[in-house]
Amino acid sequence: MEGINRHMEKKRKIEINTTIATIYVEDMHPTENKYPDIIENQFQFRKFNHFTGDNVVAIADMGEAIWWNRPQAEDTEAAWGVESDGRPCCNLPIFLGKNKIWKSNYNVLLNKNNVPTIVQLQFQHELTQKELLELSQMSFTVIRQTLLRLGVQESDLCAINNDLLLRGKKFVGSEQVIRSNIYTECLFITLKYKEEKDIFKHLTSGKVSATANREITGLIDEYENFTKEDFLKIYCEEFKKYLDQFTL
């Protein structure tokens with residue numbers, strides 16, 4: 001595929017350059033000391049409001065289930081740690097202030113068949129309202145176009161607030177942080193849920209009642225005619241198409 005370089009070094013499996021950012025797929029397996037740089041960069045941004053690193057769409061190829069925690073900034077010492085159940089945890093401050101303090105107790109369990117995606121973009125100009133709208137719609141538009149190319153029926157998809165549903169069940173969640181010339185987003189896509197269903201029984205704190213009211217599914221649980229590799233290939237292509245409309 002034109003424009004894609006495959007790297008044995010740096011653990012990057014796919015890398016694509018766009019007009020404003022690099023899109024890449026990289027291993028995330030903390031117990032094997034595989035920690036993508038993007039996590040530390042986002043930790044610096046959320047805790048200290050300091051943008052570090054490059055403009056990227058960083059997609060994690062998960063090697064194990066991890067906790068994705070959202071503590072208050074003052075309660076966070078490091079980007080990575082280990083939870084009481086022995087699972088690795090990523091700790092990114094919520095960056096939303098005390099009025100959203102309930103989110104500090106709502107930790108997200110990411111299973112091995114999840115596709116975490118972190119977008120961080122810094123522009124050389126203040127974002128216009130049109131650009132802000134296009135960026136805020138970017139991830140769900142990219143996912144929708146990816147799924148249509150993979151044969152998913154558009155009528156099966158529905159967006160509610162920051163969740164994307166497939167056949168009425170949640171398979172995507174997103175959180176955006178926007179500043180005058182900075183756009184960042186953490187996006188979680190569940191490809192398979194059924195085979196790891198038991199680990200979700202660990203969701204016992206925070207916004208449990210709301211979670212329980214929305215059934216979870218995996219994309220490949222609902223559509224079994226494609227693989228994770230098929231999804232990632234087209235997902236990256238669609239992100240490139242979308243990002244190429246912007247200028248720094």
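Over which residues at the start of the numbering does pLDDT stay under 50, and how many contacts beyond four places in sequence does the model have for them?

1. Confidence. This is a predicted model. Residues 1–9 have pLDDT under 50 throughout, and the model has 15 contacts beyond four places in sequence for them. A further stretch under 50 covers residues 204–212, with eight contacts beyond four places in sequence. For the chain, the mean pLDDT is 86, and 85% of the residues reach 70 or more.

2. The S2–S3 hairpin. Strand S2 (residues 12–17) pairs with strand S3 (residues 22–28) in the antiparallel sense, over five bridges. The two strands are joined by a hairpin through four residues. Among the bridge partners, Ile 16 is matched with Ile 23 in S3, and Glu 15 with Tyr 24 in S3.

3. Burial of S3. Strand S3 is mostly covered, with seven of its seven residues buried. Both of its faces are covered. Thr 22, Tyr 24, Glu 26 and Met 28 are buried on one side, while Ile 23, Val 25 and Asp 27 are buried on the other. The buried set thus includes the acidic residues Glu 26 and Asp 27.

4. S3 and S4. Strand S3 also pairs with strand S4 (residues 56–62), here in the parallel sense and over seven bridges. Within this pairing, Glu 26 stands opposite Ala 60 in S4. Together with helix H1 (residues 37–48), S3 and S4 make a β-α-β unit, which is right-handed.

5. The four-stranded sheet. An open sheet of four strands runs in the order S6-S7-S5-S8, with mixed pairing. Strand S6 (80–82) and strand S8 (108–110) are at the edges; each has a single partner strand, so one side of each is left without a neighbour in the sheet. From one strand to the next, the twist averages 30 degrees.

6. Pairing at the S6 edge. Strand S6 pairs with strand S7 (residues 88–91) in the antiparallel sense over three bridges. One of the bridge partners in S7 is Pro 88, matched with Val 82.

7. Helix H2. In helix H2 (residues 129–136), the buried residues are Glu 131, Glu 134 and Leu 135. Viewed down the axis of H2, the buried residues fall within an arc of 100 degrees, so they line one face of the helix. An α-helix has 3.6 residues a turn, so residues three or four places apart point the same way. The cover over the buried residues of H2 includes strand S9 (114–122), helix H3 (138–149), strand S13 (182–190) and helix H6 (228–243).

Terms used:
Residues numbered from 1 in each chain as written. Predicted model: local features only at pLDDT ≥ 70, side-chain atom pairs only at ≥ 80, totals over all residues. Heavy atoms only, no water. pLDDT = per-residue confidence, 0-100. Contact = heavy atoms within 4.5 Å. Pairing = 2+ DSSP bridges. Axes fitted to C-alpha atoms, helices over the stretch in contact; angles between N-to-C directions. Buried < 20%, exposed > 50% of the residue type's maximum accessible area, 1.4 Å probe, protein only. Arc of directions from axis to C-beta. Right-handed = clockwise from strand over helix to strand, strands pointing away.
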